[in-house]
Structure formats: C-alpha cells, structure tokens
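Please report on the fold, the charged pairs and the ring contacts of this protein. Keep it short and tied to named residues.

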Amino acid sequence: MSADTPAPEIRTRSQRLLAPLRRLIATWWFRQSPSRQDRLATLGPLISVLLFLAAIISAFWYLRNEEIERESESVKRDTEIAQQQIRLRLIENQEQLVRIAREVVTRQIDTHEFSAQAQAFARERPELTHVTWLSNRRERRSSVGAAGFQADRLMSANGNDPSMPMPNQSNAAAIAFEAAKDRRQPVYSPPFTDANGITVFQLHIPLIDRGGFVGVLIAEYTVEALLRYYVPSEVATRHTIAVLDARDQIVSSTVTPMPGQVLRRASLLHDVPLAPALNGLVLRGQGWRTSIGLINNALFWLVLALAGMTVWMLLGTWRHMRRRTQIQNALTLETNFRRAMENSMLTGMRAMDMDTRITYVNPAFCAMTGFSEADLVGRTPPYPFWPADRREENARLLQQELQGRSPSGGVEVKIARKDGSAFDARVYVSPLVDTKGKQTGWMTSMTNITEAKRVRDQLSASHERFTTVLEGLDAAVSVLSVQPPELLFANRSYRLWFGADPAGHALLAGGHLLGTTSRGGALDDSADEVDDYSGLPAEALTDVGSDPREVYVESLAMWFDVRARYLQWTDGRLAQMLIATDITMRRHAEAQAALQADKAQVTSRLMTMGEMASSVAHELNQPLTAITNYCNGMVSRVRADSIDKEALMAALTKTAKQAERAGQIIHRIRNFVKRSEPQRQPAHAADIVEDAVELAGIELRRRSVAIHTYVAQRLPQMMVDPILIEQVLMNLLKNAAEAIDNASLPTSRRHIELRVIPKHSAELGGQIEFSVTDMGPGLPDEVLARMYEAFFSTKADGLGIGLGLCRSIVESHQGRIKAENLYNGSLVVGCRFAFTIPVTITSEHLRSDPANGPAGSAQRTEPTTP
C-alpha cells in the first residue's frame with residue numbers, strides 16, 4: 001500500500017477484511033443461550049481486571065529484579081576494587097622485600113643496614129607488624145617492629161611466639177618457612193593468630209646464596225590493617241567488605257557490630273580471593289537492597305486493593321447472576337416437572353372457582369371421562385360427566401363437599417363417559433388457597449376404582465376360600481404376634497385342642513415365642529432376644545424355626561410335629577406361625593418298631609448261637625470229657641488204694657478247673673443271647689474285643705481259621721451297649737470265617753485280622769475304628785450294593801437280617817459301617833469290613849496308633865483241629 005492511499009480508503013479496506021471475523025463472532029455469540037451470554041459478559045471484565053493486575057505485578061517484579069541486579073553489580077564492582085587495591089599493595093611490598101633480600105644475599109648490606117632499611121620500610125606500611133631476618137637455622141638476625149624500631153622481643157626462640165617458625169612444628173609460620181625453603185619462591189602463610197590475638201599472615205622471601213638456602217625475610221601482615229588502609233573509603237561507605245577464612249568465619253570487616261548485636265546476613269554477596277596471597281582468605285562484599293520491596297510499596301498495595309475490590313465485586317455480580325440463573329432453571333424445571341407430573345399421573349385433577357365453574361382439568365381427567373379440555377373448562381353444574389339418572393344425587397354430594405361435610409375417605413360416585421359407559425370413581429375435594437391465604441376455589445381429585453373394587457371382591461372371596469381350607473385342616477394352625485403376644489389366627493383344630501387361649505401356642509413353641517429351634521427339636525435358650533425398640537429379632541428370621549420339632553402335650557396325651565416360622569402380619573407386626581400335626585399314632589408305631597428291632601437283635605444272637613451249636617457242643621465236650629476221665633481215674637486209684645492225699649488234691653483241682661472252663665463258656669453264651677434293654681454305659685474296646693473273640697474262637701477253631709487281633713493302647717472310653725457292639729463283631733467274624741471255609745482256601749489264607757485303632761477327621765471328629773479283614777474271595781459288586789437290604793442274603797439258609805441289623809446297631813451309636821474288597825492289581829485277595837464309634841480323641845490317644853506312636857497290645861489265636 002503506497003503512502004498516497006487516502007485514509008478513508010484504508011478504513012474501508014480494513015473493515016472489509018474484518019467483516020468475516022465480526023460475522024463469525026456475532027454468529028457464535030447469538031448461538032449461546034442467554035444464561036451463557038450473561039456468564040461470558042461477566043467473565044470478560046473479570047478477566048480484564050485479572051490481566052491488568054497481572055501486568056502491574058509483573059511491572060513491579062521487573063523493577064524489583066532490576067534493582068537487585070544493579071545492587072549486585074555495585075557490590076561486585078566495589079569488592080573487586082577493594083581486591084585490586086589490596087593486591088597492588090601486597091605486590092608492591094613483595095617487590096621491595098625481594099630487593100632487600102637480594103642485597104642481603106649479595107652482602108651489600110649487613111645487619112645494621114638491614115635494620116635501617118627495614119625500619120624505613122615498616123614506617124611507611126602500617127599493615128605490617130614486623131619485618132624479620134632469619135637464618136637457615138631459624139636464628140633471628142634482625143627484627144624490626146611495626147613502629148619502625150628494633151624489636152628484640154619479637155621472633156624469640158623460646159617457642160611461645162606463634163609467629164616464629166619453630167622446627168618440628170606444624171604451625172602456619174613453620175609451614176610457610178618450609179615451603180619457601182623448598183620452592184625457592186616467595187610464599188604466603190595461612191592466616192593465624194599471633195601472640196597479641198590479632199589475625200595475621202606472613203610473607204616468606206627465601207634468601208638464596210649461590211644456589212643454597214641461607215634464610216628468609218619475613219613480613220607479617222594484619223588482616224584488619226589491610227582492610228582499614230587499603231579499602232577505599234567510598235567503597236566502605238557503600239558496602240561492607242569483610243575477610244573470611246577457610247571455615248567461612250569473618251576474620252575482619254569494615255563494619256564492627258555493637259557488643260551483643262548479631263549482624264543480619266546480607267542479601268547480596270560477592271566473594272573474591274585475597275590476591276596474590278592465595279592462602280585461603282576470601283574477600284567478601286556484602287550489600288542490601290536500598291528499597292524495602294513490594295511489601296511496603298504503597299502504590300503497589302493501592303493498585304492491588306483496587307484490583308481486588310474490582311475482582312470481588314465482579315465475582316459477587318457473577319455469583320448473583322449465577323444464582324438468578326439457577327433459580328430460573330429451577331423454576332423452569334419445577335414447572336416442567338409439575339406439568340409432566342400432571343400429564344403423566346393417573347389421578348384426574350379438576351379445579352373449580354368459587355362459582356363451581358371448571359377452570360382446569362388435567363389429561364388424566366379427560367382420559368377418564370372421554371371429554372376434551374374444551375368440553376369441560378368453563379362448565380357449571382350439571383357437568384356433562386354426571387349420569388342423567390344421578391344428577392340430583394351428584395349435585396347433593398357436591399354441595400356437601402363444598403360445605404366441608406364430606407368424609408375424609410372421599411366419596412364414591414358414578415361417572416359417565418362421553419361414549420355413554422360409566423365407571424366407579426372416588427372423589428376428594430379440598431379448598432384452593434393462594435399465597436395470601438385467601439380461598440380461590442376447590443381442587444378435586446378423582447380416581448377410577450372399578451378395578452380396585454373388582455380386586456377387593458376377589459380378595460374377599462379368596463380370603464374366604466383360604467380360611468375354609470385352613471379350617472378344614474387336621475393340623476392346628478396358629479399365628480401369634482411377638483409384641484404384644486396376641487393370638488391373631490387359630491383354625492378349627494387349634495380351637496378344638498387348645499381353645500382360644502394363646503397359651504397353647506406357647507406350649508407348642510416350647511414356652512419361648514422368639515427362640516430358635518435346635519437340632520434336636522428343642523428351642524435354643526441362648527437365642528437372640530427381641531429388640532425392645534424395633535420389635536424385631538436381632539438376627540435374620542427368614543429360615544428361623546423351619547426345622548421340625550416334636551412336642552408332647554401331657555394334658556392331651558398327644559404328640560405333635562411342630563413347624564414354626566416368623567412372618568409379617570397384614571398390619572406390619574412381626575408374628576410367629578405354628579403348624580402342629582398330630583403324630584401320636586406314628587410315635588406308637590415307632591415304639592412298636594423299636595421293640596421289634598430289639599427282638600430282632602436277640603433273635604439274631606440266638607440264630608448265631610444256633611449256627612454255632614455244633615461248635616459250642618464240641619467246645620463244651622472237651623472240659624466235660626476231661627472231668628469224666630479225672631473222676632474215673634480217681635475212682636480206680638481209690639479202689640486200688642494207690643492214691644495219696646496230694647495226688648487226690650491235684651486231680652480234684654484239675655477237675656474243678658475244667659468245670660470252671662465249661663461254666664465260663666456257658667456264662668458267655670448266656671450273656672450274649674439273653675434279652676435285655678439296650679443300655680449305654682462306659683465300656684472299653686479291649687473288653688468288648690476279648691469277649692467277642694472268645695465266643696467267635698469256638699467257630700473259628702471249628703473252621704480251622706486263625707485270628708490276629710490288635711487293640712491300640714490308651715483308647716478312650718466309649719458310651720455304648722457292649723452286647724450290641726459285641727454282636728456286630730461276632731457277626732463280622734463269623735461271616736469272614738464262613739467265607740474262608742466255604743472257599744476252601746489254603747492254610748496261608750485262612751486267617752482273619754481284627755484291628756481297633758483311634759482316628760480323627762475334620763468332618764466326623766474323634767472315632768474308634770473296628771475293622772475285620774479276611775483273605776477270602778471277597779464280595780461281588782452286586783452284593784456290595786445290596787448287602788444291607790432287609791432279607792437279602794447270599795446264603796442258602798440265610799434270613800438276610802445280619803448285616804442290616806449290624807448297620808442299624810452302628811448307626812444307632814452315631815457311627816458308620818462300610819465294606820470294601822482288597823485288591824492285588826486286578827485280583828481280589830480279601831475283604832474288609834470296618835465300623836466307627838464316635839469318641840473324644842486326644843493327642844495321647846492318637847500316639848497309640850502304630851503309625852504315630854508305640855504299638856498296642858496284640859494277640860494271636862492259632863487254628864485248632866476240631
């Protein structure tokens with residue numbers, strides 16, 4: 001664009017270029033909702049004020065950084081000026097001392113002349129404490145003090161002066177002396193404290209004569225004098241100059257603090273070495289900002305306060321507008337919600353003014369009656385939805401409602417639809433009151449109750465049928481509320497047995513209305529009690545009381561099977577329902593069955609003895625034959641008068657033993673087969689096994705079968721009927737002997753093993769296991785599956801009650817019995833019957849098991865020839 005282009009044309013072109021951008025912004029702006037436009041309009045000034053505040057803070061921060069940078073440069077510059085001044089002075093002094101040292105070495109001057117030159121040199125240099133000439137043996141040749149006079153007391157060799165480089169010491173002077181001797185160059189010593197307590201350092205100029213070290217010239221400087229005389233006054237006025245040692249401790253400073261006052265650490269520091277000494281001393285310049293900073297800057301705080309006030313006002317305005325927007329949105333949502341609720345509710349709503357003119361109906365009202373809103377709004381009684389034959393009655397009910405005499409439960413009326421059909425409705429009328437408390441009309445709500453009436457009638461009929469069914473039950477059904485105990489329902493059977501008294505319910509429940517039933521049927525006295533505040537049990541009651549229990553009612557001499565359950569009654573109260581079924585006949589039948597089982601046990605024992613009759617006869621024949629022989633022998637010897645008294649006594653003793661043996665056999669058989677009531681008593685497994693093996697030994701010897709018994713030691717006592725357990729063992733041993741004998745097995749397989757050991761499992765707890773193992777042919781699979789069935793037997797003359805009776809006896813003692821074949825590969829090599837009796841097992845009992853501890857007692861019975 002050329003310079004000759006007129007200004008109007010430039011403005012026209014710029015407007016033409018910016019027009020699309022303005023249209024884009026305008027389009028975006030008008031697309032926003034009014035509430036969003038309000039928020040953006042509020043956020044614009046807020047953002048502007050925040051940007052302005054940020055710009056002010058940035059400006060102040062920039063000025064502050066500029067000030068700090070200028071002050072830092074000033075401190076650096078003044079520190080370097082002070083360094084340069086001290087450096088020039090030290091170099092100048094070093095050159096003068098080197099010249100004097102050269103004259104000493106070339107013997108141009110002697111000790112007297114050296115003292116004169118040293119005095120002139122020291123008087124012009126107040127930073128020096130003394131100038132000394134030492135020989136290579138550290139002997140003092142001459143020493144001149146700071147005032148320019150001969151100092152005979154300085155650099156004494158008595159070892160008390162720290163400025164004297166004594167041999168075999170490691171003080172600063174000795175270190176510098178050795179370094180000058182070795183390097184043959186001027187050396188500055190580290191700083192140290194002299195005899196007067198002043199921090200000093202030394203310059204050692206070596207004296208070299210024809211390549212040999214002949215001594216040193218020592219010039220001792222005070223750090224405090226260097227700062228006082230050679231730091232320019234204008235520098236000391238602007239900033240503090242200090243000398244620090246290697247430990248960062250201030251040795252000397254141009255500012256001396258008052259006693260007890262602690263100097264504030266400077267914010268600006270600059271460190272340079274104390275050249276050319278390079279002995280660990282550092283020259284530090286310290287400075288502080290001249291301005292107080294942003295904290296006390298009045299202009300800054302004024303701007304910040306005004307900006308904060310503006311931001312606060314804008315935020316308040318934004319919050320107010322947001323609250324107004326929220327209220328508008330809430331009002332809109334509430335209006336939409338009410339409209340949606342009115343349109344979706346199933347209850348018909350109708351509003352009337354004080355003249356009973358309809359002013360509003362909702363869609364549900366129109367849907368119920370079939371009339372549109374235009375047909376109803378503005379109508380006065382009689383309304384078009386009143387049936388023609390009920391107009392007078394509806395008008396009377398309307399006047400009654402308007403006068404406030406309508407019942408609280410509403411009024412049931414007939415409503416006619418536009419198509420002529422009618423339905424039952426319940427109408428509620430309430431006054432309409434405005435915000436000032438003035439009544440402006442009435443609001444009527446109408447509900448279609450046709451279906452509700454039909455359901456109610458059906459429920460009444462169903463309740464009647466259900467009650468009829470419960471009344472016809474032979475079981476007693478009762479429902480008792482928990483708090484307070486009140487009989488809510490009782491059927492005919494309950495009333496027949498217990499009347500209308502809730503005590504019968506409590507009697508059936510065991511006297512505890514809230515107790516839970518235990519496994520045995522009795523209520524658990526430790527059950528949770530009812531919370532007095534909530535009226536509900538402390539634990540869930542969904543399954544409580546579902547286990548049946550049997551209760552005997554002594555007054556009726558009847559047994560009942562009672563099932564209890566908690567439920568919620570129709571009025572919300574917690575109640576307990578009991579169903580008690582008469583089981584008196586069943587209990588009598590069970591008692592008869594128990595008697596028959598006892599008879600079957602005795603019969604089984606008699607059958608066992610009958611089967612063993614020949615064996616018992618043979619067993620008794622042996623002692624009887626022996627008695628006969630002893631008696632005949634004694635008679636013969638008495639007749640021959642060939643027996644003395646001692647021989648006669650021995651023969652009679654043997655005869656008595658044989659008679660006692662026969663009596664024991666008869667006694668054991670009599671105890672085994674006698675009929676008695678089952679009696680649980682403490683018994684030892686070893687005693688039961690001994691009696692059973694003694695009886696079974698008769699049959700085993702007849703069949704030439706050996707028996708091996710093993711009874712673990714320290715077995716606990718059992719609470720059993722010993723005769724019944726002995727019967728089980730006898731049956732198992734006899735069956736094993738018969739299986740071996742019938743199979744005509746060789747002698748190597750004609751033996752039985754009886755083991756009694758303790759066991760323990762997580763499922764069943766402690767047990768004593770009795771096992772009978774034979775080496776017979778085993779049992780077929782079909783026999784294993786059916787051997788416990790009643791009247792099933794593999795013997796031609798068997799009745800099939802032996803193993804079934806054994807199983808009943810074991811299970812009556814809460815034990816288990818099982819049978820299994822023994823295999824060697826796929827070949828059956830024997831059979832094993834085992835049953836368990838529950839006991840309390842301790843670790844000491846388990847140690848009696850041969851797998852866990854010492855062996856128990858073992859007995860072996862060899863087969864005998866019949």
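What follows is a report on a predicted model, from overall figures down to single residues.

## Overall figures

The protein has 21 helices and 30 strands. Of its 866 residues, 38% are buried. Among contacts with a separation of 6 or more, 58% join residues 24 or more positions apart. The accessible surface is about 49800 Å². Carbon and sulfur atoms supply 55% of that area.

## Salt bridges

Side chains of opposite charge can pair when their charged atoms come close. The count here is 32 salt bridges. Three of them are listed below, with the N to O distance.

| Pair | N to O distance | Separation in sequence |
|---|---|---|
| R138 and E178 | 2.4 Å | 40 residues |
| E451 and R454 | 1.9 Å | three residues |
| E769 and R832 | 3.1 Å | 63 residues |

Take R138 and E178, whose side chains meet in a salt bridge. The pair links distant parts of the chain. R138 sits in the loop between β1 (128-135) and β2 (140-145). E178 belongs to helix α4, residues 172-183. Is R138 buried or exposed? R138 is buried, because its relative accessible area is 15% and the limit for buried is under 20%. E178 is partly exposed, with a relative accessible area of 30%.

E451 and R454 form a local bridge within one helix, α11 (residues 450-472). They are three residues apart, so about one helical turn separates them. E451 is partly exposed at 44% relative accessible area. R454 also counts as partly exposed, at 39%.

E769 and R832 make another salt bridge. This pair links distant parts of the chain too. E769 lies in strand β27 (residues 765-774). R832 lies in strand β29 (residues 827-838). Both E769 and R832 are buried.

Salt bridges also join into a network. Its members are R89, E92, E124, R125 and E127.

## Aromatic contacts

How many aromatic pairs does the structure hold? The count is twelve. In one of them, the ring centres of F201 and Y221 are 5.4 Å apart. Their planes meet at 20 degrees, so the pair is stacked. F201 is in strand β5 (residues 199-209), and Y221 is in strand β6 (residues 212-222). The pair therefore ties together parts that are 20 residues apart in sequence. F201 and Y221 are both buried.

Y494 and F498 form a tilted pair. Their centres are 5.1 Å apart, with 40 degrees between the planes. Both residues lie in helix α12 (residues 492-498). They are four residues apart, about one turn of the helix. Y494 is buried, with a relative accessible area of 0%. F498 is buried as well, at 16%.

Ring pairs also build a cluster of F365, Y383, F385 and W386. A charged side chain meets a ring elsewhere: R141 lies over the face of W133, at 4.6 Å from the ring centre.

## Two residues beside the cluster members

R391 lies in helix α10 (residues 391-402). Which residues does R391 touch, not counting those up to four places away in sequence? R391 touches P382 and W386. W386 is one of the cluster residues named above. R391 and P381 are ten residues apart in sequence, and their C-alpha atoms are 9.0 Å apart in space. R391 is partly exposed, with a relative accessible area of 40%.

N448 lies in strand β15 (residues 439-448). Leaving out residues up to four places away in sequence, N448 touches M368, R417, F423 and D424. The side chains of N448 and T450 are joined by a polar contact of 2.9 Å. F365, from the ring cluster, is 83 residues from N448 along the chain. The C-alpha atoms of N448 and F365 are separated by 9.9 Å. Is N448 buried or partly exposed? N448 is partly exposed, with a relative accessible area of 33%.

How values were computed: Residues numbered from 1 in each chain as written. Predicted model: local features only at pLDDT ≥ 70, side-chain atom pairs only at ≥ 80, totals over all residues. Heavy atoms only, no water. Helix = DSSP H or I, 4+ residues; strand = E, 2+ residues; numbered from the N terminus. Buried < 20%, exposed > 50% of the residue type's maximum accessible area, 1.4 Å probe, protein only. Contact = heavy atoms within 4.5 Å. Phe/Tyr/Trp six-rings, centres within 6.5 Å; stacked < 30°, edge-to-face > 60°. Lys NZ or Arg CZ within 6 Å of the ring centre and 35° of its normal. Polar contact = N/O pair within 3.5 Å; in protein donor to acceptor, adjacent residues only side chain to side chain. Areas by Shrake-Rupley, 256 points an atom, 1.4 Å probe, with all protein chains shown as cover. Salt bridge = Lys/Arg side-chain N within 4 Å of Asp/Glu carboxyl O.
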